[in-house]
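Biologist: Could you take me through one part of this model in some detail? I'd like to hear about the last helix and what sits around it.

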Amino acid sequence: MRENLFEMGADFGDDWSADNKNKPSKQSSTEVKAPNKHQLHFAKEKRRGKVVTIVKPFYLAKSDLQALVKTLKKKLGTGGTVKENSLEFQGDIPNQVQQHLEAMEYRFKNYPASC
């Protein structure tokens, strides 16, 4: 019997390597920006019939982002979480989120105030 039926006579020497085994690690943005240098925007998604308001991209340290979401959750009276470089809040509340973030000097892309 053959050792491996799928080799089909190919010579796999010591200098051969598969290109799909060494995946490059995902580069996470470690760049930290001041609040007035952010250009945030909103997104809405429906998850299990409920609306989720997403604000992204934030360029903050993980601990600062956790503190920011904790503060906003208290002010808004809603649930929320941090995922990668974005904040997710329960409900369709972009206007309230925008007001509180602008009070903290965060900037937004051209987002209509009447959303």
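Modeller: Here is a walk from the overall fold to that helix, then on to the core, a pocket and a few backbone details.

Bear in mind that this is a predicted model. The protein chain has 2 helices and 4 strands, and from the N terminus on they run β-β-α-β-β-α. So the helix you're asking about is α2, residues 94-103. Of the 115 residues in the protein chain, 25% are buried. Among contacts with a separation of 6 or more, 53% join residues 24 or more positions apart.

Now α2 itself. Its buried residues are P94, V97, Q98 and L101. They sit on the same side of α2, because they cover an arc of only 100° around the axis. The general rule behind this kind of pattern is that an α-helix has 3.6 residues a turn, so residues three or four places apart point the same way. Turn to the other side of α2 and you find Q99 and A103, which are exposed. As for what the buried side meets, it packs against β1 (41-47), β2, α1 and β4.

Two of those buried residues also show up in the core. The largest nonpolar core has 18 residues, and V97 and L101 are among those with the most contacts inside it, along with V55, F58, L68, L87 and F89. α1 (62-76), β4 and α2 each supply at least two residues of this core, with α1 giving the most, 5 residues. L87 is a good one to click on. Leaving aside its neighbours within four places in sequence, L87 is in contact with T53, I54, V55, F58, L65, L68, V69, L72, T81 and V82.

F89, another of the well-connected core residues, also lines the second largest pocket. That pocket has a volume of about 150 Å³. Besides F89, its lining is made up of R47, K50, V51, V52, G80, T81, E88, Q90 and G91. The elements that give two or more residues to this lining are β2 (50-56), β3 (80-83) and β4 (86-90). By class you get 3 nonpolar, 4 polar and 3 charged residues. T81 appears here too, and T81 is one of the contacts of L87.

Back to the helix, and what comes after it. α2 is followed by E105, whose phi is positive, about 75°, although E105 is not a glycine. E105 lies in the segment after α2 and counts as exposed, at 55% relative accessibility. R48 is another residue other than glycine with a positive phi, near 55° in this case. R48 is found in the loop between β1 and β2, and it is exposed too, with a relative accessible area of 87%.

One more loop deserves a look, the one between β2 and α1, where P57 has its place. The peptide bond from K56 to P57 is cis, with omega near -10°. A61 lies in the loop between β2 and α1 as well, and it is partly exposed, with a relative accessible area of 31%. The C-alpha atoms of A61 and K33 are separated by 9.4 Å, though these residues are 28 apart along the chain.

To come back to your helix: α2 has P94, V97, Q98 and L101 buried, Q99 and A103 exposed on the other side, and E105 with its positive phi coming after.

Terms used. Residues are numbered from 1 along each chain as its sequence is written. This is a predicted model: local features need pLDDT of at least 70, side-chain atom pairs count only at pLDDT 80 or more; totals for chains, interfaces and linings use all residues. Side-chain values use heavy atoms; hydrogens and water are left out. On a 1 Å grid over the protein atoms alone, a cavity is a set of points where a 1.4 Å probe fits but cannot get out, and a pocket is an open set with protein on both sides within 12 Å along at least five of seven lines; lining residues have an atom within 4 Å of a point. Grid points are joined across faces, edges and corners, and a volume is the space filled by probe spheres set on the points. Ala, Val, Leu, Ile, Met, Phe, Trp, Tyr, Cys and Pro count as nonpolar, Asp, Glu, Lys and Arg as charged, and the others, Gly among them, as polar. A nonpolar core is a set of buried Ala, Val, Leu, Ile, Met, Phe, Trp, Tyr and Cys residues joined through side-chain atoms within 4.5 Å. Buried means under 20% relative accessible area, exposed over 50%, partly exposed in between (1.4 Å probe, protein chains only). Contact means heavy atoms within 4.5 Å. The arc is that of the directions from the helix axis to the C-beta atoms.
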